[in-house]
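Hi,

Here is the structure I promised to pass on. Have a look at it first, and then read my notes below.

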Amino acid sequence: SFSKTLTHMDSLNKTELNLLVNTFKKLKKVPLILGLVGSPGSGKSTFINQFLNYSTAAKKKKKVGMLLIDPSSPIHGGSLLGDRVRLSDHFLKPEVFIRSISNLGNVNGLNPHLDKYLMLFSLYPFDVVIVESVGGGQASTDLKAYVDKLILIFDPHAGDEIQFLKSGVLDVADSVIISKADLS
């Protein structure tokens, strides 16, 4: 199954990986891959919930794959893969597939096997794939290399007015969504 294959992605040998890459190169239709970045608590999961409500509505019925990356502990290596709890309204929908993975300690907030995961997600008939990175800061730009569109979820209450002017993720984001502006 798709889920079991994802579980074994990290242990693919060179021949299996080459087969995957060659299959990926033959694809005629690949899903739109959206990347989400933003500081912890900025509203990334809230945005995903609303996106799934809209995308899977009766008239749309889009197939959405979710690859949600959570931080791992630098002490014990474990990770609380909490996005499944936040997306409980959606994980039983047949048109939604949710996979939570750890960043395996990478400081860039991404899993080191992200490229392999995305190739496999592209082989499945998703219309859209969303990759949510670990809640990061202004320098969280690495996800841009893996996605078609990078979306920054920005909480205006997470600093002073100078924070929005700083370079970094704002320079590479394709879209900026202002979240929690109603809390002023």
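**What I found**

Let me start with a lysine: setting aside neighbours within four places in sequence, Lys-116 is in contact with Met-9, Leu-17 and Leu-20. Keep in mind as you read that this is a predicted model.

Is Lys-116 buried or exposed? It counts as buried, because its relative accessibility is 14% and the cut-off for buried is under 20%. Lys-116 sits in helix H5, which covers residues 114-123.

The rest of that helix is worth a look too. H5 is mostly covered, with eight of its ten residues buried. Along with Lys-116, the buried set consists of Leu-114, Tyr-117, Leu-118, Met-119, Leu-120, Phe-121 and Ser-122. What lies over them? The cover includes two helices, H1 (2-7) and H2 (14-25), as well as the strands S1 (32-37), S2 (64-70), S3 (96-102) and S4 (128-132).

Now the aromatics. Searching the whole structure turns up five aromatic pairs. In one of them, Phe-121 of H5 is stacked with Phe-126, at 5.5 Å centre to centre and 25° between the planes. Both Phe-121 and Phe-126 are buried. Phe-126 also pairs with Tyr-124, and that pair is tilted, with 4.7 Å between centres and 45° between the planes. Those two partners differ in cover: Phe-126 counts as buried at 3% relative accessibility, while Tyr-124 is partly exposed at 36%. Ring pairs join Phe-97, Phe-121, Tyr-124 and Phe-126 into a cluster.

On to the charged side chains. How many salt bridges does a search of the whole structure find? There are two.

- Glu-95 and Lys-61 meet through their side chains, with 3.6 Å from N to O. Glu-95 is in the loop between helix H4 (83-86) and S3, and Lys-61 is in the loop between helix H3 (44-55) and S2, so this pair ties together parts that are 34 residues apart in sequence. Glu-95 is buried, with a relative accessible area of 10%, whereas Lys-61 counts as partly exposed at 48%.
- Asp-174 bridges to Lys-144, where the closest N and O atoms are 2.8 Å apart. This pair also links distant parts of the chain, 30 residues apart: Asp-174 is in the loop between helix H6 (169-172) and strand S6 (175-178), and Lys-144 is in the loop between S4 and strand S5 (149-154). Here Asp-174 is partly exposed, with a relative accessible area of 37%, and Lys-144 counts as partly exposed at 28%.

Finally, the overall picture. The protein has six helices and six strands, and from the N terminus on they run α-α-β-α-β-α-β-α-β-β-α-β. Of its 184 residues, 41% are buried. Among contacts with a separation of 6 or more, 74% are between residues 24 or more positions apart. The exposed area comes to about 10300 Å², and carbon and sulfur atoms supply 57% of that.

If you only open one region in the viewer, I'd go for H5: that is where you'll find Lys-116, and Phe-121 is among its buried residues.

Cheers

Notes: Residues are numbered from 1 along each chain as its sequence is written. This is a predicted model: local features need pLDDT of at least 70, side-chain atom pairs count only at pLDDT 80 or more; totals for chains, interfaces and linings use all residues. Side-chain values use heavy atoms; hydrogens and water are left out. Helices (H or I, at least four residues) and strands (E, at least two) are DSSP runs, numbered from the N terminus. Buried means under 20% relative accessible area, exposed over 50%, partly exposed in between (1.4 Å probe, protein chains only). Contact means heavy atoms within 4.5 Å. Rings of Phe, Tyr and Trp (its six-membered ring) pair if their centres lie within 6.5 Å; planes under 30 degrees apart count as stacked, over 60 as edge-to-face and the rest as tilted. Accessible areas come from the Shrake-Rupley method with a 1.4 Å probe; for residues, only the protein chains shown count as cover. A salt bridge is a side-chain nitrogen of Lys or Arg within 4 Å of a carboxyl oxygen of Asp or Glu.
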